[in-house]
Amino acid sequence: MNRKITLFLLSVMFLLTVCACSANRSYVSADVTYSEPTAQYAFRLNMDYHETEHAKYYFEPSIENKERNACIDVTDNLLSSQSFGDVIPEIYIFSKERYDYQYISDHKLYSSIQVWKSAAYITDVLLTVYGEKSHYGTVFGYANAIAQSQKWDAYDGKFSKPTAEDILDLSYLCFDEAFVSSDDVIAAKELSCAFVDAYIKQYGEQSFMQLLSSTANALEALALYYAENGITYTPSAVQYGHGGKSYDYLVYSDYGTFYIANDWVDLLADLNPLVTDGFLHTDYSNTKAFFETNLKQMKQYQDLFALDHYNNDLEIVFPKSISASNNSYYHGIDHRIYLYNVDSLMHEYIHSLTVMKSTMSGWKTEGFARYFSYYYDLYGIAMLNQDYNNTPNIPELQHIHEYSANINRPIDIAKDYSELENIVVYSRSWTSPDENYITGSSFVQYLVKQYGEADVINFIFGDEEPLPKTYRELVKEWNEYIESNYQTYSKYK
Ligand SMILES: [Zn+2]
C-alpha cells in the first residue's frame with residue numbers, strides 16, 4: 001500500500017477513536033489562582049472546568065472548543081492507554097498572550113496552547129503524572145515512542161555520543177539550547193529515545209513503567225545502558241525542571257529545591273573568579289558543577305553537625321535581579337534562603353540547619369556559621385582568596401600583608417582562615433565574641449581547639465551540655481590567647 005494512504009488511514013482511525021467521546025463536552029466556571037513559588041508571579045482567573053475519568057481540565061474561556069477537544073483527546077487517550085496509578089492530573093491551559101510558559105507542581109500542569117500531538121506535550125503530561133522530579137530523558141524517550149506509534153513528528157532513536165560527556169545525564173537542561181549546543185540537544189533527544197527503545201525491547205514495557213516512577217531506577221538503567229555500549233558514566237542525580245514565568249528552571253535535590261529567577265545575576269560576580277558570564281543561565285557543565293559541588297557540601301554539613309533530624313524541604317531562591325545591593329539571608333519561618341551572591345550559600349545553609357535555637361546570641365549564630373563555612377565552601381573560598389590576595393596597601397590592613405610575607409605564598413583561605421581571623425582580632429584589639437562575625441568566628445575556633453568540634457557543636461546546637469568553664473572564663477582565656485600569640489603583628493588603632 002502507498003505510504004501516504006497508510007498514514008492517512010492510521011490518522012483517520014486515531015481520529016475516529018477519539019471523536020466518539022469529544023462531542024458536547026460541558027464546562028463549569030471555576031475560580032483559579034495561579035501562583036509561582038515565593039510569590040514572584042501570580043494571577044487569578046475564571047476558567048472553564050471539565051472533568052473526565054482520567055484528568056481535570058481548566059481552560060481559559062477565550063480558548064476555542066476545537067483546541068480544548070484536541071487537548072483533552074490527546075491527554076485522555078494517553079492516560080487511558082496505560083495504568084498510570086491513581087493520580088488524576090490537573091491540566092491548566094492558558095492563551096499564549098496570558099501565559100506562554102510551562103510549570104509543573106503537585107500533579108498540576110500549567111501551560112499555554114501548544115502542539116498537543118507532540119512528544120513535548122506528552123512529556124509534560126507524564127511529568128505531571130509521575131512528578132516533576134522524574135528523570136527528563138527517560139520521560140522524553142517514552143513520550144517520543146508514543147509520538148512514533150501515533151505517527152506524529154518524532155525522533156528516531158540512535159546511540160550517538162554527545163560532544164560533552166555531561167550531556168549523558170539527559171537531564172532537562174541537556175535539552176535546552178541555552179545550556180548545550182543545538183547539536184547536543186539533538187544528541188540528547190536521540191540518545192533518550194535509543195535508551196528507552198533498547199530498554200523496552202530488552203525488559204518489556206511493564207518493567208519500563210517503573211523507571212518513570214523512580215528517578216534512581218532510571219539513572220541506574222541509563223548507566224547500565226551506557227556500559228553495554230562501552231561507556232563508563234554515572235548520570236547525575238540532580239534533576240532540573242520547568243520554571244514557569246519567574247524562573248529559568250528549578251533544581252530538585254535531596255537537600256532542597258533551588259529556584260533560579262530568569263534574570264538572576266550574582267551581585268558579587270566581579271569579585272568571584274568562579275562566577276562566569278551568564279552564570280547559571282548558560283553552560284550545562286558549569287551549572288551542573290555548581291549544584292553538584294554545593295549539594296555535596298550540604299551533605300558534608302549535615303554529616304558534620306549530626307543533629308537528630310533535618311528539614312530538607314528547603315527552598316533556595318535566586319531572586320529576580322534588583323538594582324540596589326542586597327544581602328543574602330535565611331528566612332526561618334518559610335525555611336527559605338534568598339541568595340544574591342553564591343559565595344553566601346554555605347553560610348546561609350548552616351543557618352538553615354541550625355536555626356531551631358532562634359533565641360541564641362550573636363556569636364552562637366553568626367560566629368558559628370562563619371567559622372564552619374570555611375570547612376566546605378568552594379565558591380566562597382575562591383572569592384575570599386581573590387580578595388585577600390589583592391589587599392590594598394593601607395595602614396588598617398597592614399597585618400594582612402605581614403601575614404602574606406610570613407607564609408611566603410599566596411593566601412589560601414581554606415588553610416589560613418584560622419590564623420587570619422585571629423590576626424584581625426588582635427590587630428583591631430577586639431575582645432567580645434559578639435563584636436562582629438569575625439570575633440564570633442575566632443571565639444568558636446578557640447572553643448573547637450580546646451574541646452573539639454563535636455563538643456562545641458553539641459554545646460551550641462545539640463543538647464547544650466555545658467562546656468567545663470563559664471562563658472566569662474572562656475572569653476578571658478580567648479582574649480589572653482589572642483594577645484599572647486599574635487604580638488608580632490601590627491595593631492591598628
Ligand atoms: Zn549569617
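Start by selecting G362, W363, E366, G367, F368, R370 and Y371 in helix α10, then add Y437, G440, S441, F443, V444 and Q445 in helix α14: these two groups of residues meet each other. Sorted by class, the residues of this contact are 6 nonpolar, 5 polar and 2 charged. Keep in mind as you look around that this is a predicted model.

Now widen the selection to the whole helices, α10 (residues 362–373) and α14 (residues 437–451). Two packed helices are described by the angle between their axes and the distance between the axes. Here the angle is about 80° and the axes are 7 Å apart. Angles from 65 to 115 degrees count as roughly perpendicular, so α10 is roughly perpendicular to α14.

Stay with α14 and add helix α15, residues 453–461. How do the axes of these two helices cross? They cross at roughly 125° and come within 7 Å. The two helices are therefore oblique to each other. To see where they touch, pick V444, L447, V448 and Y451 in α14, together with E453, D455 and V456 in α15. This contact has 5 nonpolar and 2 charged residues, and no polar ones. You have met V444 before: this residue of α14 is also among those that meet α10.

Next stop, a sheet. Select the strands in the order β7-β8-β9-β10-β12-β11, and you have an open sheet of 6 strands with mixed pairing. Its edges are β7 (239–241) and β11 (329–331), each pairing on one side only. On average, neighbouring strands here are turned by 20° against each other, direction ignored.

Zoom in on β11 and add β12 (residues 336–338): the two strands pair in the antiparallel sense over 3 bridges. Which residue of β12 stands opposite H331? Look for R336. Then show helix α9, residues 345–354, which lies across β11 and β12 and runs at about 25° to β11.

The last stop is another sheet. This one is also open and mixed, with 6 strands in the order β1-β2-β3-β4-β6-β5. Find its edge strands, β1 (28–35) and β5 (102–105), each of which pairs on one side only. Its neighbouring strands are turned by 25° against each other on average, direction ignored.

Inside this sheet, select β3 (residues 56–59) and β4 (residues 90–94), which pair in the parallel sense over 4 bridges. Click on Y57 and then on I91, its bridge partner in β4. To finish, bring up helix α3 (residues 119–130), which lies across β5 and β6 (108–112) and runs at about 155° to β6.

How values were computed. Residues are numbered from 1 along each chain as its sequence is written. This is a predicted model: local features need pLDDT of at least 70, side-chain atom pairs count only at pLDDT 80 or more; totals for chains, interfaces and linings use all residues. Two strands pair if DSSP finds at least two bridges between them. Axes are lines fitted to C-alpha atoms, for helices over the stretch in contact, and angles run from 0 to 180 degrees between N-to-C directions. Two residues are in contact if their C-beta atoms, placed from the backbone, lie within 7 Å. Angles under 35 degrees count as roughly parallel, over 145 as roughly antiparallel, 65 to 115 as roughly perpendicular and the rest as oblique. Ala, Val, Leu, Ile, Met, Phe, Trp, Tyr, Cys and Pro count as nonpolar, Asp, Glu, Lys and Arg as charged, and the others, Gly among them, as polar.
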